[in-house]
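Me: I am new to this structure and would like a close look at a single part. Could you walk me through the aromatic side chains and what surrounds them?

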Amino acid sequence: MKRRLLWLGVLGALGILNGCVSEREMGGGPTQARQFPGGPSGSGKPFGRTRDGQPVTQYTLVGKGGAAMDVIDYGGAVVRLYTPDRNGDLTDITLGFNTIEEYEAHDAYFGAIIGRYCNRIAGGRFTLDGKTYQLPLNNTPGGVPCSLHGGKRGFDKYVWDCEPIRRGDSIGLKFSMTSPDGDQGYPGKLDVTVRYLLTPENVWRIEYEAVTDRPTPVNLTQHVFFNFKGEAQGTILDHELTILGDQITVVDKGLVPNGVLADVAGSAFDFTTSRIIGERISRQNDQLAFGGGYDQNFVLRNQSGQMAQAAALYEETSGRYMEVWTTEPALQFYSGNFLTDAIKGKQGRNLCFRGGLALETQHVPNSVNLPSFPSTILRPGEVYRSVTEYRFGSK
């Protein structure tokens, strides 16, 4: 199927952050703002307060290319992400909540920065330089305890420092925080910076950086959930997915990789060419059964630390298309198997089982305990760097 990306923006991405862009600078101001159904663009505005009284702020990014985002400084969570369909109409294609109370009440990780270590660590334990560390056990798939997404209070539950940034014609936000020594059991003080950039070509670029004063594991990702038909508009089983990975990391019943690789060729995990997600999700397979659907880490081909394509996603009715590019060696595909209709979305409609999917770029889960995989250990004097781009278009 021949791809035709709808790149609408050629003159520059424009937005309002803390009043730093005037209507005149926007090149028409109100017209551009009306194209964003989430409300008129403007400076950061209050999003409520956390249980411990910290104020949370929502920021808006509006790009000339048509894409727009609402982002809060609580976990760097993307509340809304609007992209054009094949007719140029905007729809919010992510899962999220309207209030800070809902974000604190649910461990869904909707649209949030994940760290200090994304995904699962077996038994919540690892040994580094001869010392064993125990992390909180906050996840028990298959009755097997593990540490998930950084522990009971991962980076998704911090209020980050946030400031508007601009790079050429791209607009964005710079998030920063310090995770103290011993945070959730991890050694070392970790200073983290994450940048979101929205480009004129409707690319959402995410840049991660971190430094430490003691050796520590670091594995950061973004946990945005997509549904290209729109939030609460049914399942993602009709989306077409491509993953440029020839192997998966085999998991035990606790969904933790055990160090074994399996070729995907001919299996339910073969997305090396575009396939409908629901086509093989119900096959008899222990790896699918453990997660109640897809919750697998794919080892990406030809990843050498440089930007390379990892995946592509397409939804036929809207024509929305996305490519995932990254410097990371692996990608976790999660088909929303633990989502339920007990969760209400931003428009007051209940979500549903498999109502969203995540494509999380990362190092191999549990690789802190699997020396055969690329290391996740950051040491003093080194800089952790990772880049991922979600490139939106239509066809």
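Reply: Happy to. Let's begin with two aromatic residues, Trp 160 and Phe 175, which are both buried. Please keep in mind that this is a predicted model.

Trp 160 and Phe 175 form an edge-to-face aromatic pair, with 6.5 Å from centre to centre and 85 degrees between the planes. Trp 160 lies in the loop between strand 10 (146-148) and strand 11 (161-167), while Phe 175 is in strand 12, so their pairing ties together parts that are 15 residues apart in sequence. Both residues also belong to one aromatic cluster, whose members are Phe 155, Tyr 158, Trp 160, Phe 175, Tyr 196, Trp 204, Phe 226, Phe 228, Tyr 390 and Phe 392.

Tyr 158, another member of that cluster, has a charged partner: the charged end of Arg 153 sits over its ring, 3.9 Å from the ring centre. A similar arrangement involves Tyr 314, where Lys 395 lies over the face of the ring at 4.5 Å from its centre.

The model holds 21 aromatic pairs. One of them joins Phe 126 and Tyr 186, and this pair is stacked, with 6.0 Å between the centres and 25 degrees between the planes. Phe 126 lies in strand 8 (residues 125-128) and Tyr 186 in the loop between strand 12 and strand 13 (190-198), so this pair ties together parts that are 60 residues apart in sequence. Phe 126 counts as buried because its relative accessibility is 1%, and Tyr 186 counts as buried because its relative accessibility is 1%.

Back to strand 12, which spans residues 170-179 and also holds Thr 178. With 39% relative accessibility, Thr 178 counts as partly exposed. Its C-alpha atom is 9.8 Å from that of Tyr 158, a residue 20 places away along the chain. Beyond its neighbours within four places in sequence, Thr 178 is in contact with Lys 189, Leu 190 and Asp 191. With Asp 191, the side chain of Thr 178 makes a polar contact of 2.7 Å.

One more residue rounds off the tour: Glu 207, found in strand 14 (residues 203-212). Glu 207 counts as buried because its relative accessibility is 8%. Setting aside residues up to four places away in sequence, Glu 207 touches Arg 167, Thr 193, Val 194, Arg 195, Leu 197, Ser 386 and Val 387. The side chains of Glu 207 and Arg 167 are joined by a polar contact of 2.7 Å.

Methods:
Residues are numbered from 1 along each chain as its sequence is written. This is a predicted model: local features need pLDDT of at least 70, side-chain atom pairs count only at pLDDT 80 or more; totals for chains, interfaces and linings use all residues. Side-chain values use heavy atoms; hydrogens and water are left out. Helices (H or I, at least four residues) and strands (E, at least two) are DSSP runs, numbered from the N terminus. Buried means under 20% relative accessible area, exposed over 50%, partly exposed in between (1.4 Å probe, protein chains only). Contact means heavy atoms within 4.5 Å. A polar contact is a pair of N or O atoms within 3.5 Å; within protein, one must be able to donate a hydrogen and the other to accept it, and residues adjacent in sequence count only if both atoms are side-chain atoms. Rings of Phe, Tyr and Trp (its six-membered ring) pair if their centres lie within 6.5 Å; planes under 30 degrees apart count as stacked, over 60 as edge-to-face and the rest as tilted. A charge sits over a ring if NZ of Lys or CZ of Arg is within 6 Å of the ring centre and within 35 degrees of the ring normal.
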